[in-house]
Amino acid sequence: MPGSRHKIIGHVFSGICTKMNRTKQLSSGEEVMDTPLKRCLNTFDITLLGVGHMIGAGIYVLTGTVARDLAGPGIILSFILAGITSILAALCYAEFGARVPKAGSAYVYTYISVGEFWAFVIGWNIILEHMIGAASVARAWSGYVDSLLSGSISAATVASIGELHEKWLGRYPDLLAFMVCISYALLLGIGVKSSAVVNSLLTLVNLSVMGLVIVIGFWYGKLENWNANNRGFLPYGFSGVVAGAATCFYAYVGFDSIATSGEEAQDPSFSIPVATALSMTLVSFGYILVSAALTLMVPYTMIDASAALPEAFSMMGLHWVKYAVTIGALCGMTTTLLGSLFSLPRCMYAMAQDGLIFAFLGKINKTTQVPVVNLIISGLMSATIALLFDLEKLVEFMSIGTLLAYTIVSASVIVLRYRPNTPPPSNDNVSVNDVYIMSPSPGVEEFKVCMGGRLKPSFDWLEPVVGWCKPGEAVSVAVFIFTCFSALLCFHFHWATAQMENGAWWTVFGCVFLIAVMLFCLLVIEAHEQNRTGLTFMVPLVPYVPALSILFNVELMANLNILTWLRFMVWMILGLLVYFLYGIHHSKENDTTSSYSVLMTSSEATKSKWGSIPAPVTIPVTRKRRSGKGDRQAIVNSDDDTDSSD
């Protein structure tokens, strides 16, 4: 017995790298669409789900804070920069959402393309993103109502309960925010279609109010307000614009709820890309125009950070607009909260289904077809955070996990686009290095060749550098190096700005070297053939659009403060404990044919306390071929000099 267990432990540690890098295998065809969740959402529902999740606290609360304290009128540029970054990431999400109609969003995409460990990291951060997102919006909702009531709620709370004297907590326990989280979690428990109808109605009201704000704001706006105190359009400089963009990015994070709805969409291959494009376009223009209207109406120094828009219209004497904005703000923050509480339990469900977190989180209520247990846990966790923490700390903490998720999704798009097809199970003697021809049926003249991940003939001069790699491997390595050097470049800019302005040679040389390596990585990627098999939506200009997304995301991460990074590291340490103590051993991707039972005696193998949870056998994704006599022919490896003959 002890000897067998020593072998088991040795097997675990010897194969840990393989386990961390294993990828999720999906069934093809109709099996991918099978789900215990209810496929009832159309394109309109999903579009308004994304819009509602994005247009909330960002436009009614965050706009005032960033304009007054970080960017001034330059908040317009901050929203443009954050919007471009988000749109680039959204395109990557859209391609994956069309490829993989499953809940879990970036987590599932990373699991399929990069590997299990990075998928867990992303999933763990998505949980953080939506949990903090729900809590921050609930806190903003409560603060907004309190501001409109002249602070009576906070004053009564402090008088009856007292203040919290820890620096990393809020000033007082926010009971109203706690109750708001619990109430909306209960609303989502009645079913996805019913909650989608409520979300759509509230979002339409919010969009109407936003249009009213833009029209009246530009009508009463004055250009001289963009030069308050003679400090110009950028009173905090361009660094303030970038810092503002890192915070404004919080306003766009809701678009991944569109991808999360993939397992409940009626036609995900169409609805996910269309909903992503429509919602991102509408929200980006809305944020830019509203921030412009606000800074034109009121000098940035006079903006009320807690209730910017209502107080701005109150200064203009337009009290009726103030009340309309209040209605829109409450509707918008409600839909944002609903979006976060919608996405969070579904990500937990996807991870539990794969065995990476506890199995009871993968249960679906048969009546409502909603992960009710996850929803209860999500609501309680978000409500507790909203009860104790301040809005500003929550927003910064949320952004870092979101930016990391977007970075890895953008990298995954490139990796998967250049990965060759999996060999068909019937051709066991054919490796992934081979090229497959779909021979035509009688009377059909065209045929298709899969060259994904292979070097293009025009770039054969790179053969000595990447010729030793299997198809797709060189691209994966190039993407990894590009991402690492992007991080080095952004942090180099962030920490050595003063030296660069003084013309220090080592800073210039460092920038040139880092940029040269990044450009060479893009050249290596461009030199390979793409695999576009079965894609209904594709990110344009791959690898350049995902590469820009990686660079912009990393740049925004570099502008977050050190305390945010320290909090993030604590969260990641907790996640790594969960993965290495539970997830890696219970993953459904464990190979049951070579698991721990083969190291045991027959009597020990029947015991379930050792080894992983048995998992259903999955079938690799394969391409369907036309049937016909002799229609399946494998072309020999590219390094084979012999010709095939009949």
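A residue counts as exposed when its relative accessible area is over 50%, and as buried when the value is under 20%. The model used in these exercises is predicted.

**Exercise 1. The loop between α21 and α22**

Task: Classify Leu541 as buried or exposed, then describe the backbone at Leu541 and at the bond between Val542 and Pro543.

Solution.
Step 1. Locate the residues. Leu541 sits in the loop between α21 and α22. Pro543 belongs to the loop between α21 (505-526) and α22 (544-558).
Step 2. Classify. Leu541 has a relative accessible area of 63%. The cut-off for exposed is over 50%. Leu541 is therefore exposed.
Step 3. Read the backbone angle. Phi of Leu541 is near 55°. That is a positive value in a residue other than glycine.
Step 4. Check the peptide bond. Val542 and Pro543 are joined by a cis peptide bond, with omega about 15°.

**Exercise 2. The surroundings of Arg22**

Task: Find where Arg22 lies, decide whether Arg22 is buried or exposed, and list the polar partners of its side chain.

Solution.
Step 1. Place the residue. Arg22 lies in the loop between α2 (16-21) and α3 (43-54).
Step 2. Classify. The relative accessible area of Arg22 is 12%, so this arginine is buried.
Step 3. List the contacts. Setting aside residues up to four places away in sequence, Arg22 touches Tyr111, Gly115, Glu116, Ile584, Ser587, Glu589 and Asn590.
Step 4. Pick out the polar partners. The side chains of Arg22 and Glu116 make a polar contact of 2.8 Å. The Arg22 side chain also reaches the backbone oxygen of Ile584, at 2.9 Å.
Step 5. Set sequence against space. Arg22 and Glu589 are 567 residues apart along the chain, yet their C-alpha atoms are separated by 7.5 Å.

**Exercise 3. The packing of α13 and α14**

Task: Describe how α13 and α14 cross, and give the make-up of their contact.

Solution.
Step 1. Choose the descriptors. Two packed helices are described by the angle and the distance between their axes.
Step 2. Apply them. The axes of α13 (residues 268-297) and α14 (residues 308-315) come within 10 Å and cross at roughly 40°. That angle makes α13 oblique to α14.
Step 3. Assign the hand. The crossing of α13 and α14 is left-handed.
Step 4. Name the residues. From α13 come Val290, Leu294 and Met297; from α14 come Ala308, Leu309, Ala312 and Phe313.
Step 5. Sort them. The contact of α13 with α14 holds 7 nonpolar residues, no polar and no charged ones.

**Exercise 4. Two residues of α13**

Task: Determine the burial of Leu294 and of Ser279, then give the contacts of Leu294 and of Ser279.

Solution.
Step 1. Start with Leu294, in helix α13. Its relative accessible area is 0%, so Leu294 is buried.
Step 2. List its neighbours. Leaving out those within four places in sequence, Leu294 contacts Thr63, Ile303, Ala308, Leu309 and Ala312.
Step 3. Add a distance. Leu294 and Val213 are 81 residues apart in sequence, with 8.6 Å between their C-alpha atoms.
Step 4. Turn to Ser279, found in helix α13. Relative accessibility is 0%, so Ser279 counts as buried.
Step 5. Find its polar partner. A polar atom of the Ser279 side chain lies 2.7 Å from the backbone oxygen of Ala275.
Step 6. List the contacts. Beyond neighbours within four places in sequence, Ser279 is in contact with Thr47, Gly50, Val51, Met54 and Ile258.

Technical notes: Residues numbered from 1 in each chain as written. Predicted model: local features only at pLDDT ≥ 70, side-chain atom pairs only at ≥ 80, totals over all residues. Heavy atoms only, no water. Helix = DSSP H or I, 4+ residues; strand = E, 2+ residues; numbered from the N terminus. Buried < 20%, exposed > 50% of the residue type's maximum accessible area, 1.4 Å probe, protein only. Contact = heavy atoms within 4.5 Å. Polar contact = N/O pair within 3.5 Å; in protein donor to acceptor, adjacent residues only side chain to side chain. Axes fitted to C-alpha atoms, helices over the stretch in contact; angles between N-to-C directions. Parallel < 35°, antiparallel > 145°, perpendicular 65-115°, else oblique. Left-handed = near helix turned anticlockwise from the far one by under 90°. Nonpolar A, V, L, I, M, F, W, Y, C, P; charged D, E, K, R; others polar.
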